[in-house]
Amino acid sequence: MSAEEEAMEAISKRLGERAQECRIAAPRRICVLVRCGSHRDAISALLERFEFTTISTITGVDLGEDIELNYHLWCGRTEVTVKTRLPKIRPDVETVTDILPGAALYEREAFELLGVRFLGHPGLKRLVLPDSWPEGQYPLRRDWKPEIAGLEFPQEADSVAIGAEGENRGSTVNVVFGPQHPALHEPERFLFKLDGEIVVDVEPRLGYAHRGIEKGAEKLMFFQATHLIERICGICNVAHATCFCQAVESLGGIEVPPRASYLRTIVHELNRLHSHLLLLGVAGMEIGFETLFQYSWRDREMVLDLTEKATGNRIMAEYNAIGGVRRDLDPIVGEEMKKVLSGIKRRAAFYKKLLGEDPTFGLRTRGIGVLKAAEALRLSVVGPVARGSGIKMDVRRHDPYAAYGEIPFEEVAYGEGDSWARFMVRLDEIAQSVDIVNYAIEKLPSGPYRARVPRRVPEGEALGRVEAPRGELVHYVKSDGTAYPQRVKVRSPTLANIMSFREMIRGCYVADIPAVLASLDPCFSCTDRMAFLDVKSGMKWFWSLEEIKRRRLGKP
Amino acid sequence: MGRVRLPRMAVEVVSSLFKKSSTRKYPFEKPIVPLGSRGMQVFHSVMWHGCGLCPRDCPAGAIEMVEVSGKKMPLIRIDSCIFCYVCVENCPRKALTESNLAGHRGQRGARHQARREPSER
Ligand code: SF4
């Protein structure tokens with residue numbers, strides 16, 4: 001039985017009549033429409049059947065009379081979309097955060113942008129929009145226009161204390177950090193609750209860089225939206241564009257020429273290289289190792305030069321188009337790439353040796369910010385954060401796209417789950433990316449690099465997944481048969497990972513905050529939304545100093 | 001680290017001492033622009049036949065049609081342009097072509113743009 005059939009069977013066995021429609025939409029993609037209220041059963045059936053079930057995102061779509069919720073779940077080998085429809089006049093649905101805590105942020109997103117009320121959700125608050133946004137205005141509903149909201153709503157400052165008044169007693173203090181702060185590279189706000197030098201709790205708040213790209217993409221034609229989607233993030237722009245193009249291609253049944261898939265792979269890996277080198281430098285700087293910062297950013301510069309030669313721009317590569325890539329690779333540039341990258345591989349080996357031996361780096365990262373594998377799975381983290389906790393999860397390998405199906409490589413995984421492991425995963429991936437690029441240049445097939453595609457895209461919906469430098473990136477695209485998308489939904493990897501920051505940082509020293517945050521490699525402009533909440537029922541909101549000390553030493 | 005790698009360090013230091021500085025004195029020196037870089041578009045008015053596709057296709061809304069001696073011509077606002085080259089790719093008569101005049105955005109670009117400003121046309 002194939003993986004797809006296995007997942008379908010698991011759901012239909014549990015739901016029986018209540019599973020209204022079950023189909024294989026594409027290889028490794030299943031779509032199940034369940035009766036309103038049965039989505040929890042479907043999800044728990046999958047959770048029981050497949051050990052590594054994580055939630056990718058929840059997409060809400062306004063269908064006019066109804067609101068459709070799509071729960072996208074990755075079940076180890078297949079992506080299952082569980083759909084359920086709610087009447088728009090009373091969009092109430094039961095939460096899934098108790099069985100799948102990783103869904104907490106996605107439910108809040110659907111709540112504020114579409115007005116879906118998740119019954120039983122422990123903290124249904126705003127995520128992206130300002131706290132003072134007018135009540136009852138849901139920007140992603142089709143009938144909403146910016147004029148309705150008006151520009152005149154009071155701007156209030158966010159809260160400055162975690163928990164209720166009475167809880168803030170003793171030696172705990174609340175410290176607001178950001179949104180504008182010299183140590184932060186992007187606007188974000190953290191509210192830390194400290195007991196002396198030790199972090200008791202944290203409540204981040206994002207949305208300061210929210211640009212409404214999902215709404216904006218509905219106003220552009222598919223090929224234009226590629227250029228907007230690419231600008232979601234300056235660092236992983238290639239990943240975003242690849243993902244969007246793949247989703248549209250599978251929607252339109254467009255076959256990408258083999259040469260284009262290889263070229264996509266090459267540029268995608270260059271993108272990963274520059275992102276990982278950037279992070280390594282940032283990590284060095286946060287820890288106080290500024291030489292490392294200078295060195296790795298020098299190396300990054302070489303990768304950026306290669307990107308510019310291959311694609312036409314250093315940062316915004318604009319290399320992907322629906323149906324292929326926009327430029328061919330000059331063999332001379334290919335040769336140069338191989339030469340420069342072999343130097344970078346040598347350096348990566350040197351950095352790895354250095355960081356493995358350096359006592360200062362070890363003291364600042366080993367055993368700090370630990371995320372256990374079980375916890376990582378529960379919170380559905382992705383990318384290097386998951387792989388640093390020993391979960392072998394790599395879209396490139398388990399859900400191959402572009403040319404990754406033909407390129408031999410192994411996913412990197414470390415079992416420690418601390419900041420050190422997360423940095424090491426990235427260092428190993430640098431060497432691995434170089435190998436992938438070399439292999440792709442060697443085996444580059446000949447032929448056309450771009451297929452001509454019509455502007456109109458047939459009606460339907462598709463899900464694109466790629467492994468961005470920071471982890472699994474998901475784009476959901478729905479078309480109504482015109483040249484304009486009906487709905488575009490982006491789930492960036494940072495949104496999936498950011499929930500785990502709270503788990504990591506509790507019990508650490510204040511001085512460890514930047515290093516642990518850097519080890520997550522957060523990219524807030526991708527995410528531009530987040531906040532925290534306690535989804536574990538019965539979890540203590542307050543910890544005594546002794547408890548924290550015990551926890552830090554690893555004792556129960 | 002246990003061992004200081006003096007020879008390797010010395011080689012790096014000495015070689016860097018005699019290298020040219022890696023920064024360039026930008027406005028005084030001509031920047032090195034890679035050949036394939038996407039720079040300012042070149043407009044060939046001979047090829048132009050006024051189909052009006054580029055203002056509709058430009059994702060940034062940077063192209064506006066203006067009247068120049070009785071004919072509608074595209075005015076590309078370089079400050080809104082995101083250099084995506086959709087206009088160049090989609091032009092049916094190749095009236096817009098690519099160039100790598102990008103490193104000079106500071107100087108030559110400014111002049112080009114000034115010439116294209118509606119107030120001066
Ligand atoms: S390059 Fe792109 S943004 Fe600039 S004018 Fe052409 S279509 Fe518009």
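What volume does the second largest cavity have? In this predicted model, the answer is about 70 Å³. That cavity belongs to a set of eight in the structure, counting those of 30 Å³ or more.

Let's look at what surrounds that space. Its lining comes from chain B, with B:Gln41 at one end of the numbering and B:Cys87 at the other. In between come B:Cys58, B:Pro59, B:Ile63 and B:Ile76, followed by the run B:Cys81, B:Ile82, B:Phe83, B:Cys84, B:Tyr85 and B:Val86. Sort that lining by class and you get 11 nonpolar residues, one polar residue and no charged ones.

So what fills the space? The ligand does: the room it takes up is the second largest cavity. Around the ligand there are 13 residues, and the ones that come nearest are B:Gln41, B:Cys58, B:Cys81, B:Cys84 and B:Cys87. Those five names also turn up in the cavity lining. By class, the ligand's shell has 12 nonpolar residues, one polar residue and, once again, nothing charged.

How far can you lean on chain B as a whole? Its pLDDT averages 76, and 79% of the residues score at least 70. The stretch to treat with care is residues 103–121 of chain B, where pLDDT stays under 50. For that stretch the model has 30 contacts beyond four places in sequence.

Now over to chain A, where the domain assignment gives domain 1 (3–125) and domain 2 (213–527). Between the C-alpha centres of these two domains of chain A there are 27 Å. Where they touch, domain 1 of chain A puts in 29 residues and domain 2 of chain A puts in 24.

Chain A averages a pLDDT of 85, with 90% of its residues scoring at least 70. Chain A has a low-scoring stretch too: over residues 529–545 pLDDT stays under 50, and here the model has 63 contacts beyond four places in sequence.

Finally, a word on the assembly. For the complex, the predictor gives an ipTM of 0.79 and a pTM of 0.88.

Methods: Residues numbered from 1 in each chain as written. Chains lettered and ligands numbered in written order. Predicted model: local features only at pLDDT ≥ 70, side-chain atom pairs only at ≥ 80, totals over all residues. Heavy atoms only, no water. pLDDT = per-residue confidence, 0-100. Contact = heavy atoms within 4.5 Å. 1 Å grid on protein atoms, 1.4 Å probe; cavity = no way out; pocket = protein on both sides within 12 Å on 5 of 7 lines; lining within 4 Å. Points joined across faces, edges and corners; volume = space filled by probe spheres on them. Nonpolar A, V, L, I, M, F, W, Y, C, P; charged D, E, K, R; others polar. Near = heavy atom within 4 Å. Sits in = over half its atoms within 2 Å of the grid points. Domains from an automatic or database assignment.
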